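Please look at the structure below and follow it one chain at a time. The text goes from the overall folds to one detail on the surface.

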Amino acid sequence: MIRLTVNDVEHTLDVEGDTPLLWVVRDVLGLKGSKFGCGAGLCGACTMHLNGQPIRTCIMPLSAVAGQNITTIEGLSPANASVQQLTPVQQAWLELNVPQCGYCQSGQIMAATALLASNPNPSDADIDNAMSGNICRCGTYPRIRSAIHKAAGMMSAGSHPQAARNGELFSEVTLPQATNSEELSHG
Amino acid sequence: MDKSLNSGLSRRSFLKASALSSGGLLLSVALPGCAAIGMKNQGMVSAGEWQSNAWLRIDTDNRITFILDRVEMGQGTYTGLVTLLAEELEVDPALVQVEFAGVGSAYDNPLYKLQITGGSTSVASSFKRIRLAGASAREMLKQAAAQVWALENTSTLHCDNGQVIHSSGKTLSYGELASIAATFSVPEDTALKSPDEYRYIGKYNKRLDALQKVTGQAVYGIDVELPGMLYAVISRAPAFGGTVKTLDSSAAKAASGVVDVFPLEAAGRSGVAVVGRSYWQARKAQQLLQIEWQTPEVAPSSDAIFAQYTRDLDNEDGEQVRDDGDFDAAAEQAASTLTAEYQLPYLAHATLEPQNCVVKADADGMEVWAPTQSASMARVAAGKHSRYSLDDIVIHTTWIGGGFGRRILQDYVAECAVIADRLQKPVKLIWSREEDTAHDWYRPASLHRLQATINADGKASGWQHRIAHPKVFEWFVGDAAPAQYPFMPKFMFPMLASAGKLGEGILAPKDSSGYEGANDVPYALDNIDVRFIHSEPGVPVGYWRSVGFSHNGFVTESFIDELAHQQKQDPLNFRLELLAQHPRAQSLLRRVAQLADWGRPLPGCHQGVAIHKSFNTWVAQIADVQVEGKNFSVKRVVCAVDCGQAVNPDMIRAQMEGGINFALTAALYGNITLKDGAVQQSNFHDYNMLRMPEAPQIVVDIADNQYDPTGVGEPGVPPLAPAVANALFAATGQRLRRLPLQLA
């Protein structure tokens with residue numbers, strides 16, 4: 001039995017410990033928002049937060065995160081949330097029509113959310129660094145970049161009801177593990 | 001009102017109104033003659049109730065439901081088609097609920113006679129049909145209101161925001177009127193709005209599927225879950241045409257959670273399926289399989305394929321697909337000639353959602369949930385690979401995590417149908433990324449020889465382009481031909497496939513995938529000779545975003561640049577002069593030059609330009625590229641597009657941005673290579689995708705006109721690689737004639 005807290009709900013799981021966290025969350029807990037893209041930590045579609053830090057869950061064995069707190073895309077805002085209940089990142093994504101096929105966007109939003117929690121006003125270089133582990137095959141990169149700047153603006157303006165919630169959620173975060181730079185050799 | 005727009009559509013055979021059993025109005029697409037065929041399989045519009053080919057439903061509680069007969073894979077069709085309906089129906093597009101259609105002949109793409117989403121056709125081919133459905137419903141609702149209010153006609157009525165409004169100010173909602181409207185027949189003379197009356201077309205910019213996609217709620221094929229579902233993975237023969245020689249599955253069968261292990265043949269591939277109670281159990285057991293593969297007799301490597309293309313170009317005349325003037329005479333009289341050879345690689349689609357399928361098979365029939373670009377071909381694939389007749393197979397389509405043409409082929413459906421039919425249980429098949437990369441239907445590799453002639457006056461006089469390339473159609477027709485004849489028994493399918501192959505250009509459109517974008521080279525040269533040399537290396541190939549234009553756009557727009565430089569002319573002005581017969585292209589080039597400040601590159605950059613027409617849409621691009629040693633980066637791409645009447649301008653911008661980044665991935669990295677018949681790439685470490693730091697700034701401008709809309713999903717792709725290559729030539733003097741682009 002392995003204990004795990006996902007989106008503030010505690011679970012006791014009878015699952016083989018080498019099962020990647022992604023498949024436990026998707027198929028045992030039924031939260032399908034996090035996606036399978038590569039199975040090798042190369043694309044970021046499976047990104048969740050482990051104690052606020054973005055991790056690649058397709059290569060993270062369940063046993064390695066036993067007893068930890070996990071947040072998925074479903075945990076960012078309430079189920080069937082109205083637009084006003086979304087986080088600044090989700091709202092910015094909506095306003096700028098970021099998604100195309102949408103398959104990578106859960107992972108993109110989790111990576112961007114973690115970035116902004118530790119760096120409320122990221123430069124373009126900061127965004128390059130933090131987001132380079134997340135592939136978007138539809139090529140929505142320019143809009144992702146704009147949406148991160150927009151969300152930063154919404155959060156710093158302090159007018160956003162979710163800004164405080166995010167601050168709380170990530171109060172213990174020190175620095176985001178940007179991405180594995182060795183994953184990013186482009187020849 | 002523009003009545004001329006209705007020409008070519010016979011309403012009598014097109015729309016049919018009927019009442020919903022719960023009250024309310026249903027507008028169906030009625031096709032004469034074949035309505036009874038396969039009724040059981042057609043769109044399921046509400047639980048437990050079968051309806052034929054429904055497009056639009058208005059319920060008494062004011063719910064408006066649109067049955068989307070194309071799939072949404074990122075291209076924006078969902079928003080686009082709803083916008084068209086809402087425009088004529090006078091409702092806010094955001095209030096229209098959307099359901100995905102099942103298989104139905106009335107949903108066929110009129111351009112292909114198949115229910116298929118591809119070729120950048122959805123808005124173009126639906127522009128009149130769907131507006132007409134909305135306008136017909138609107139007029140029937142007005143007639144219903146006239147009846148309620150005892151008016152002689154509808155002249156004092158108008159519609160707004162889901163209501164019929166009388167000039168006195170009184171209103172009735174569509175829901176209140178729907179049951180009465182359903183008693184009328186579809187009016188014969190409904191006119192569509194004229195462009196100056198549009199309130200959504202050309203203006204509506206809210207992406208209707210975005211909320212589901214930023215909250216993780218959109219259900220893709222890979223997310224479908226059924227009670228008691230098992231999980232399957234397949235080890236496939238590494239070389240195309242390879243088979244299982246020996247199999248020891250004892251260790252895999254003994255592994256935890258494994259239900260079944262067995263060899264299977266599907267969609268022309270051999271493999272071994274492992275079925276488990278969870279995905280991870282199946283995946284782990286797969287590692288325990290001991291398989292010896294029988295290598296096929298023909299197992300080509302990349303070098304041999306390009307050698308074959310070279311031989312065929314040396315020895316074959318091929319099929320002439322453009323013949324202007326007399327190129328041979330021009331060549332004889334030429335003072336000089338310019339020749340070049342261009343080479344392009346195989347490319348994988350690399351949809352971020354790997355191929356997958358869910359199939360439930362039992363005594364009641366077979367149900368398939370698939371992220372497919374063609375529901376009707378999916379049904380053929382499931383039928384061919386199971387004991388079920390097509391009438392007993394129901395197809396459900398889902399959100400799609402990237403298509404790009406990959407999901408026009410139905411191999412994942414075929415495989416999952418085999419497994420579910422055998423086990424008689426619900427099964428989800430998931431391909432790994434490595435399997436997806438190594439078993440694609442690739443954008444074909446090709447080899448091109450070009451020759452331009454220059455006469456004694458120093459003017460360009462002739463253009464010859466010879467292309468060695470396979471026929472994509474031949475890899476696709478096996479499922480496509482039977483899907484066009486769903487009433488034929490299954491034993492006829494192979495015959496239909498061969499008839500379809502022989503019928504290319506007669507029964508089916510001609511396969512232009514080798515030469516499209518080359519035979520229609522737009523430049524006004526007197527003598528043009530374009531030839532297609534059919535060369536078939538035996539590697540499975542398919543449709544890849546922008547298809548033939550993806551290679552011919554690069555070749556023609558690079559070679560015209562070579563010719564411009566040979567003529568010592570500015571590449572932009574040279575094109576402008578030779579495009580006198582294409583005023584829309586000329587104005588697009590001028591616009592892109594103005595926006596990119598042609599001739600004044602960004603600091604440290606050089607510029608390259610390209611323009612290409614594909615899927616009836618012109619796109620011009622200027623790339624600003626910075627070179628450092630052998631490395632380069634694309635800093636900015638300015639893009640001007642003329643796709644006729646814009647429906648959702650921001651979706652068009654998004655498709656140009658996406659097309660540019662998709663094409664830049666191919667230009668920088670895309671290269672599938674073969675060794676002994678097997679693909680050498682596997683995952684994103686050796687089949688690279690563009691990432692955030694390499695993504696350029698993109699500026700998009702949309703031509704403002706009211707021609708009928710043309711496609712936008714693909715046309716952003718072809719001009720990018722030549723624009724970048726032409727910029728690299730400007731920067732370094734190196735003419736790169738191979739993709740991916742590599743500086744020496």
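**From chains to a surface patch**

Following the sequence of chain A, the order of its elements is β-β-α-β-β-β-α-α-α-α-α. The model is a predicted one. In total, chain A contains six helices and five strands. Chain A consists of 187 residues, and 62% of them are buried. To count as buried, a residue must have under 20% relative accessible area.

Next comes chain B. How many helices and strands does chain B have? There are 19 helices and 30 strands in chain B. Measured out along the principal axes, the box filled by the C-alpha atoms of chain B is roughly 80 × 70 × 45 Å.

The radius of gyration gives another view of chain B. A compact globule of 744 residues would have a radius of gyration near 27 Å, and chain B agrees with this because its own value is 27 Å. Of these 744 residues in chain B, 64% are buried.

Now turn to the surface. Which residues gather in a patch of negative charge there? The patch is formed by B:Asp323, B:Asp326, B:Asp328 and B:Glu332. One of them, B:Glu332, lies in helix α9 of chain B, which covers residues 327-333. Is B:Glu332 buried or exposed? The relative accessible area of B:Glu332 is 72%. The cut-off for exposed is over 50%, so B:Glu332 counts as exposed.

How values were computed
Residues numbered from 1 in each chain as written. Chains lettered and ligands numbered in written order. Predicted model: local features only at pLDDT ≥ 70, side-chain atom pairs only at ≥ 80, totals over all residues. Heavy atoms only, no water. Patch = residues over 30% accessible without salt bridge, like charges linked within 9 Å, V, L, I, M, F, W, Y side chains within 5 Å. Areas by Shrake-Rupley, 256 points an atom, 1.4 Å probe, with all protein chains shown as cover. Salt bridge = Lys/Arg side-chain N within 4 Å of Asp/Glu carboxyl O. Lys, Arg positive; Asp, Glu negative; His and termini not counted. Charge placed at Lys NZ, Arg CZ, Asp CG, Glu CD. Helix = DSSP H or I, 4+ residues; strand = E, 2+ residues; numbered from the N terminus. Buried < 20%, exposed > 50% of the residue type's maximum accessible area, 1.4 Å probe, protein only. Rg over C-alpha atoms; globule rule 2.2 N^0.38 Å.
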